[in-house]
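Here are a few exercises to work through with the model open. Try each task yourself before reading its solution.

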Amino acid sequence: PVLVDAMLAFKKGWDSFRSTDAMRLQDLHIAYITANPNAAGSKDGLDYAPGTEYYHEAHKLYHPQYRAILYERNYYDIFMLDLEGNCIYSVYKELDFATNFAAAGSGEWKDSGLGEAFEAAVKNPDEINVIDWK
């Protein structure tokens with residue numbers, strides 16, 4: 001998949017899904033974690049949640065491809081964060097999905113390695129930044 005296309009689709013879906021980040025967090029957690037019929041640790045098995053929102057269309061199109069890449073390369077997860085620090089997509093849909101990683105934000109995991117990686121990427125977008133995983 002073309003990363004830019006996937007990122008733009010997930011961002012469009014994120015922005016149109018609900019009117020606030022708090023509502024997006026709540027309802028995306030319900031759709032992809034709570035109401036997901038797959039067991040904990042297997043939430044990635046859901047190709048898309050039911051509903052008419054554009055986010056689900058983007059998920060249906062790109063999630064199977066990114067899940068396959070994750071399995072092939074044995075990654076921990078694949079995350080997509082927007083420029084505000086919102087985790088607008090992850091393969092595994094753990095509790096950090098749909099939270100905010102910006103240092104100035106209120107996200108629970110803003111001080112994590114992923115939060116540090118986000119801040120480093122925003123500060124130096126043309127550099128590769130190596131962050132110790134926490």
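**Exercise 1. Work out how α1 and α3 are oriented to each other in this predicted model.**

Start with the angle: α1 and α3 pack at about 150 degrees, and their axes are 8 Å apart. Next, bring in the cut-off: angles over 145 degrees count as roughly antiparallel. So α1 and α3 are roughly antiparallel to each other. Now check the handedness, and you'll find that the crossing of α1 past α3 is left-handed.

Then look at who touches whom. From α1 the contact takes L3, D5, A6, A9, F10, K12, G13, W14, S16 and F17, while α3 brings Y54, Y55, H56, A58, H59, Y62 and Y66. Sort these residues by class and you get eleven nonpolar, four polar and two charged.

**Exercise 2. Do the same for α1 and α2: find the orientation, then the residues in contact.**

First, the axes of α1 and α2 come within 9 Å and cross at roughly 105 degrees. Angles of 65 to 115 degrees count as roughly perpendicular, so α1 is roughly perpendicular to α2.

For the contact, pick out W14, D15 and F17 on the α1 side, and D21, R24, D27 and L28 on the α2 side. What's the mix of classes here? The contact of α1 with α2 has three nonpolar residues, four charged ones and no polar ones.

**Exercise 3. Describe how α2 packs with α3.**

Find α2 at residues 21-34 and α3 at residues 54-73. Their packing angle is about 40 degrees, with the axes 12 Å apart. An angle of 40 degrees is neither under 35 nor in the 65 to 115 range, so α2 and α3 are oblique to each other. As for handedness, α2 and α3 make a right-handed crossing.

The meeting point has L28, A31 and Y32 from α2 against Y55, H56 and H59 from α3. By class, the contact of α2 with α3 has four nonpolar residues, two polar and no charged.

**Exercise 4. Locate the largest pocket and say what lines it.**

Begin with its volume, which is about 630 Å³. Then go to the lining of 21 residues, where F79, M80, L81, L114 and A121 are the closest to the centre of the pocket.

Which elements each supply at least two residues of the lining? They are α1 (3-17), β1 (79-81) and α4 (113-123). Of the contributors, α4 gives the most, with six residues.

Finish with the chemistry: the lining of the largest pocket has 16 nonpolar residues, three polar and two charged.

Terms used
Residues numbered from 1 in each chain as written. Predicted model: local features only at pLDDT ≥ 70, side-chain atom pairs only at ≥ 80, totals over all residues. Heavy atoms only, no water. Axes fitted to C-alpha atoms, helices over the stretch in contact; angles between N-to-C directions. Helix = DSSP H or I, 4+ residues; strand = E, 2+ residues; numbered from the N terminus. Left-handed = near helix turned anticlockwise from the far one by under 90°. Contact = heavy atoms within 4.5 Å. Nonpolar A, V, L, I, M, F, W, Y, C, P; charged D, E, K, R; others polar. 1 Å grid on protein atoms, 1.4 Å probe; cavity = no way out; pocket = protein on both sides within 12 Å on 5 of 7 lines; lining within 4 Å. Points joined across faces, edges and corners; volume = space filled by probe spheres on them.
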